[in-house]
Amino acid sequence: MKKIQWIKSPENKEGAALTFSKIFEISENLKSATVKISSVGVYNAFVNGERLGEQVLTPGYTSYVHRIQYQAYDVTEKIQKSNKIEISAAPGWAVGHLGYDGGKNVFADHVSVVAEIELTYENGEKEFVNTDATWSVSTNKVTYSDIYMGETFDALHEPEVLGAAVADEISAALVAQVGEDIKEQERIAPVELITTPKGERVIDFGQNMTGYVEFNVRGKKREKIVTTCAEVLDKDGNFYNDNYRTAKNEVTYILDGKKRVYKPQFTFQGFRYVRLDEYPDMPVNLDDIRAVAVHSDIRRIGYFSCGEERINQLYHNIIWGQKSNYLDIPTDCPQRDERLGWTGDAQVFCRTAAMNYDVRKFFEKWLGDLRLEQRADGAIYGVCPEAYKDKTRHSRISAAWGDAAVIIPWELYRAYGDKKILADNFEMMKKWVNYQRSAGSEEYLWLGGYHYGDWLAMDAGGEGCVGATANDLIASAFYANAADIVVRAGEVLGEDVSEYRELHKKVVAKFRRYFLENGLPKAEFPLTEEQAPGRGVVDKIRLGMTQTALVLLLRFNLCTKAQRAAVADKLEELIMNFGGKMSTGFVGTPYILHVLTECGKTELAYKLLFANENPSWLYSVEHGATTMWEHWNGIKEDGSFWSDDMNSYNHYAYGSVGDWLYGVVAGITVCEDGAGYKKMHIAPRPCKKLGFVNCEMNTVNGKVESNWYYKGEKVYFEITVPHGAEAKIILPNGYTQTVNGGTYHFVV
Ligand code: BGC
């Protein structure tokens, strides 16, 4: 898009959607017409009353300080002699409530739009109709819209002309859309209309999700539909949404007596239940009401099912956790006053995500923003796009969060086998390692800093959020891992990475000297005031001997090969001391089952998978979860809630167990020297309790299948390898065979 004038309203109508319009004529013999549109805020657009495109929430969410996407529409079929283009823009992410510090107007305090209509005639001549002061601005029936707060549509509102548009200055670059389209993906019928003990009318859609509710009703003039939403009911069956914090999620329709389809246009909610706070004076007909699930148009590639319904429900919850939180950026949660691109959450879930869906384009966009927001010294913030209004502030620069900058490109390379992914991100990856190098108070370790730690681990104690594992240990372990990934990525790219190879060796050596004693972590590491500002004395001691610490030693090869068995035994001991359960949070959980399997303790890993007491994956399943919970015990045993403050029921981080289902239970693992599933291991670990497993993954290199079932004590395997791929099949009895494309059967 050439440099085109941005325009805004002559009068700011805070919170409201505004319509920017222009009437234009065309000459004879038009060959084609395209419109390119963007906005600060979110927009939808119409030519001669017909809506452009199927996307919603355009132009999407990017790091608006740096870049804003535009969409291009072919409107040739819609153009007449005389035409009207209308672009409605509402606050969206850029202008409405968002983020932390008061959380509003993070990028701008008013909406703006920009558009270019390109008319091409048969004789090759071109004519442009661009946004400028000849466009007119008026109010819109959407009298209020906000990502966190909700939306009001007043069918009785008569649009008021505010005057001619005014030129606006937007410094961000305009770029053609790089991400996936955001679309309405499915419509879900209500399961039931409940009248709660408090007498409130609540619709249950049976599924927690992201999107909105669509009403197809007439009502009488001036009657209203007012709704708020919730993810769970309380223990008495009453409506509860205190966990949304300040995000009101209130949707209001003022009816005009005509039959209309009412749905939000510029916002979305995270919900399973919808309370009818006001409703027209008529019976609620559930056939007129649908939930609309909205997310990025990622393509499903992975499927897993087995003979244990609770594990199938867990898998279902993982899928819905991804659908709910892959709305243009990878978010922590879709409901409360966050919905932010938390880097740590994105990092821990991305391997599973890439097995469930084709996420390449989705992440390439977000990584583009991560690169733009990386600080000159290499720092990566906890959230991308960063959402502080006060641009001198930022989320924490934390180990395991900033590591998204190396882990995600590497995971994408493993899944898609395209070097370009690494080439695009290699500078960012090296810079993050360089940051880690400079951040620590001691050479070759990352000591100090203010981290999120093993977030939400069960050894945090009380209502604490940062787990017991020493942040210094976590940070130094991730530093070693990041240096190692840079080495491997550099080798793929044919870069000279001797410096990072050397660095990795030194970090590992120093890690061993500083944190370990006889191959196991030392017990305690006191924190300084800088590391835990304002914390009480108890919080100032962090531990080395935790499940998460041991998991990291094994996962990142921080202990020697000879020490692995002892570390794994110690991990088993800690698990048994913790009631046979995990105490791990965001940092340890994604890896714990993998390291147990790698160390020959698959049975224990299965025990953790099947555990159903808090903390465990099946705890939430048995408590009715339809998506992944932020807290292992978001609903406690007595039915009360963990807290109002940090308690989302749609947080995908613990869904990272999905890659153990694909990678160990079904056994499909891509080899790094055959990235993009050109080479893989298929090593299923059957478990009688599961009965059978059917797993398929439509990789970029073709369809891989791993199916097995028990018949008596025997296990029957059926493994399909795509043509052009090589797979090393490793069966539980140790039998190994390297195969190429085809279907193979075994009985063990
Ligand atoms: C988010 C998390 C995030 C964390 C930082 C929370 O508020 O919801 O998922 O990673 O902050 O530790």
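**Figure 1. Cys-559 and Cys-384, two cysteines without a bonding partner.** The sulfur of Cys-559 sits 7.7 Å from the closest cysteine sulfur, that of Cys-599, which is too far for a bond. Cys-559 is also buried, at 4% relative accessibility. For Cys-384, the closest cysteine sulfur belongs to Cys-350 and is 14 Å away, again too far for a bond. Cys-384 is buried as well, with a relative accessible area of 1%. The structure as a whole holds zero disulfides. Please keep in mind, here and in the views that follow, that this is a predicted model.

**Figure 2. The ligand and the residues around it.** Welcome to the ligand site, where the surrounding residues are Asp-332, Arg-336, Glu-338, Trp-342, Asp-345, Trp-401, Tyr-452, Trp-455, Phe-586, Glu-630, Met-646 and His-651. Sorted by class, this shell has six nonpolar, one polar and five charged residues. Which side chains have an N or O atom at a short listed distance from a ligand oxygen? Among them is Asp-345, with a side-chain N or O atom 2.5 Å from an oxygen atom of the ligand. For Glu-338 the corresponding distance is 2.6 Å, and for Trp-401 it is 3.0 Å. The ligand exposes 310 Å² when taken alone, and the protein buries 96% of that.**Figure 3. Helix α11, largely enclosed by the rest of the structure.** Helix α11 spans residues 589-598, and nine of its 10 residues are buried, so the rest of the structure largely encloses the helix. The buried residues are Thr-589, Pro-590, Tyr-591, Ile-592, Leu-593, His-594, Val-595, Leu-596 and Thr-597. After α11 comes Gly-600, with a positive phi near 75°.

**Figure 4. Ile-474 in helix α7 and His-451 in the loop before that helix.** Ile-474 belongs to helix α7, which covers residues 471-493. Ile-474 is buried, with a relative accessible area of 2%. Leu-552 is 78 residues from Ile-474 along the chain, yet the C-alpha atoms of the two residues are separated by 7.7 Å. His-451 is found in the loop between α6 (419-439) and α7. Its relative accessible area is 3%, so His-451 is buried. From His-451 to Lys-431 there are 20 residues in sequence and 19 Å in space, C-alpha to C-alpha.

**Figure 5. Two cis peptide bonds, at Pro-59 and Pro-615.** Most residues other than glycine have a negative phi, and most peptide bonds are trans. The bond that joins Thr-58 and Pro-59, however, is cis, with omega about 10°. Pro-59 lies in the loop between β5 (50-51) and β6 (67-74). A cis peptide bond also runs from Asn-614 to Pro-615, where omega is near -5°. Pro-615 has its place in the loop between α12 (602-610) and α13 (617-622).

**Figure 6. Asn-249 and Tyr-677, each with a positive phi.** Asn-249 is a residue other than glycine, and its phi is positive, near 50°. The loop between β21 (239-240) and β22 (250-254) holds Asn-249, which is buried, with a relative accessible area of 1%. Tyr-677 is not a glycine either, but its phi is positive at about 60°. Tyr-677 lies in the loop between β35 (668-670) and β36 (679-682), and at 5% relative accessibility Tyr-677 counts as buried.

**Figure 7. The domains of the protein.** The protein is divided into domain 1 (6-179), domain 2 (184-296), domain 3 (359-546) and domain 4 (668-747). How far apart do the C-alpha centres of domain 2 and domain 3 lie? These two centres are 41 Å apart.

Terms used
Residues are numbered from 1 along each chain as its sequence is written. This is a predicted model: local features need pLDDT of at least 70, side-chain atom pairs count only at pLDDT 80 or more; totals for chains, interfaces and linings use all residues. Side-chain values use heavy atoms; hydrogens and water are left out. A residue is near a molecule or strand if one of its heavy atoms lies within 4 Å of it. A polar contact is a pair of N or O atoms within 3.5 Å; within protein, one must be able to donate a hydrogen and the other to accept it, and residues adjacent in sequence count only if both atoms are side-chain atoms. Accessible areas come from the Shrake-Rupley method with a 1.4 Å probe; for residues, only the protein chains shown count as cover. Ala, Val, Leu, Ile, Met, Phe, Trp, Tyr, Cys and Pro count as nonpolar, Asp, Glu, Lys and Arg as charged, and the others, Gly among them, as polar. A disulfide is a pair of cysteine sulfur atoms within 2.5 Å. Buried means under 20% relative accessible area, exposed over 50%, partly exposed in between (1.4 Å probe, protein chains only). Domain bounds come from an automatic or database domain assignment. Helices (H or I, at least four residues) and strands (E, at least two) are DSSP runs, numbered from the N terminus.
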